[in-house]
Amino acid sequence: AIMGRIKRGALIVFEGVDRSGKSTQCKKLVESLKKQNVKAHFMAFPDRTTSTGKLIDEYLRNKDCKVNDHAMHLLFSANRWENVDKMKAFLNDGITLIVDRYSYSGIAYSAAKKNMEIDWCKQPENGLPKPDKVLFLMVNQEEIMLRPDFGNERYENREIQKKVFEVYQQLFKENDNFESIDSARSIEDVQVEVLKKTLETIKSVENLPLSTLDF
Ligand code: NYM
Ligand code: MG
């Protein structure tokens, strides 16, 4: 008998400024998918558990920690490269990956810095698995500043978030895999939309090869 080829999982990435609801939506989405018997796995970047992740965690939590901005950018990228084999294994096994932040965060947060060129920031991301869909959560900036916990880590201030949002908008225009989601609604309403988009994406890519990022 001819064996049916395993359909690959989809690579779904959530992006957005800090506190835009990404983590909440990602976790709910994985649960919703599993309830529908869709194989899914949650991942987040930075992955703070690896050796590069520990350095990144220290850098984010300790605002006095001084590291060259370019070196730091490459470290965030290395943190993704460290996970490539694992990601491909999941996808090839037919497991959909729901990922909280990815290369677009890397580019947006680094290019928001004064001395950093966006084109330079894109380069180390080239060759990584390309997300089939980027769900870009949009919220009112002022509202975010009022949310609890805002301001605990590096980058969590008004000026930086505003610049980050501007770079995100540029990335949104340049990349056809981006989809904007109005996240200024109830968690449940947002979830209905992200679940729908995710299921559509899973169906549309299951027989297509995985692409690689090419900025
Ligand atoms: N961040 C995240 C970067 O600066 N570059 C990256 O490549 C990634 C993935 O880390 N403020 C920043 C954005 C966030 C911070 O992420 C921690 P989170 O999702 O808030 O834990
Ligand atoms: Mg954060």
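Q: In this predicted model, is Asn 92 buried or exposed?
A: The place of Asn 92 is in helix H4. A residue is called exposed if 12 or fewer other C-beta atoms lie within 10 Å of its own. Asn 92 has 12 C-beta neighbours inside 10 Å, and therefore it counts as exposed.

Q: What distance separates the C-alpha atoms of Asn 92 and Asp 47?
A: Along the chain, Asn 92 and Asp 47 are 45 residues apart. In space, the separation between the C-alpha atoms of Asn 92 and Asp 47 is 21 Å.

Q: What arc around the axis of H4 do its buried residues cover?
A: Helix H4 spans residues 84-92, and its buried residues include Met 87, Phe 90 and Leu 91. These three are placed on the same side of H4, because around the axis they cover an arc of only 95°.

Q: Which exposed residues does the face of H4 turned away from its buried side carry?
A: What covers the buried residues of H4 includes the strands S1, S2 and S3. The face turned away from that buried side carries the exposed residues Asp 85, Ala 89 and Asn 92.

Q: What phi does Gly 94 take?
A: Gly 94 comes just after H4, a helix that ends at residue 92. The phi of Gly 94 is positive, with a value of about 85°.

Q: Which strands stand at the edges of the sheet?
A: The sheet is open and has 5 strands, paired in parallel in the order S2-S3-S1-S4-S5. Two of these strands have a single partner each, so one side of each is left without a neighbour in the sheet, and these are S2 (40-44) and S5 (178-182).

Q: What does the twist average from one strand to the next?
A: The strands in question follow the order S2-S3-S1-S4-S5, with parallel pairing. From one strand to the next along the sheet, the twist averages 25°.

Q: In S3, which residue is the bridge partner of Phe 42?
A: Strand S2 and strand S3 (residues 96-100) pair in the parallel sense, over 5 bridges. Within S3, the bridge partner of Phe 42 is Ile 98.

Q: What angle does the direction of H8 make with that of S5?
A: Helix H8 (residues 158-174) packs on the sheet, where it touches S1 (11-15), S4 (133-138) and S5. Between the direction of H8 and that of S5, the angle is about 130°.

Q: Which residues of S1 point the other way from Leu 11, Val 13 and Glu 15?
A: Strand S1 is mostly covered, since 5 of its 5 residues are buried. In a regular strand the side chains alternate between the two faces of the sheet. While Leu 11, Val 13 and Glu 15 point one way from S1, the residues that point the other way, likewise buried, are Ile 12 and Phe 14.

Q: In S4, which residue does Ile 12 stand opposite?
A: S1 runs parallel to S3, to which 4 bridges join it, and there Ile 12 stands opposite Ile 98. S1 also runs parallel to S4, again with 4 bridges. In S4, the residue opposite Ile 12 is Lys 133.

Q: Which helix gives the most to the shell around ligand 1?
A: The residues around ligand 1 include Asp 18, Phe 45, Pro 46, Asp 100, Arg 101 and Tyr 155. By class, the shell holds 6 nonpolar, 2 polar and 3 charged residues. With 3 residues, the element that gives the most to this shell, spanning residues 103-111, is helix H5.

Q: What is the omega of the peptide bond from Phe 45 to Pro 46?
A: Both Phe 45 and Pro 46 are among the residues around ligand 1, and Pro 46 is found in the loop between S2 and helix H2 (51-61). Most residues other than glycine have a negative phi, and most peptide bonds are trans. The bond from Phe 45 to Pro 46 is cis, and its omega is near 0°.

Q: Is Arg 101 buried or exposed?
A: Arg 101 is found in the loop between S3 and H5, and its phi is near 75°, a positive value in a residue other than glycine. The limit for a buried residue is 20 or more other C-beta atoms within 10 Å. Because Arg 101 has 23 C-beta neighbours inside 10 Å, it counts as buried.

Notes
Residues numbered from 1 in each chain as written. Chains lettered and ligands numbered in written order. Predicted model: local features only at pLDDT ≥ 70, side-chain atom pairs only at ≥ 80, totals over all residues. Near = placed C-beta within 6 Å. Helix = DSSP H or I, 4+ residues; strand = E, 2+ residues; numbered from the N terminus. Nonpolar A, V, L, I, M, F, W, Y, C, P; charged D, E, K, R; others polar. Pairing = 2+ DSSP bridges. Axes fitted to C-alpha atoms, helices over the stretch in contact; angles between N-to-C directions. Contact = placed C-beta atoms within 7 Å. Arc of directions from axis to C-beta.
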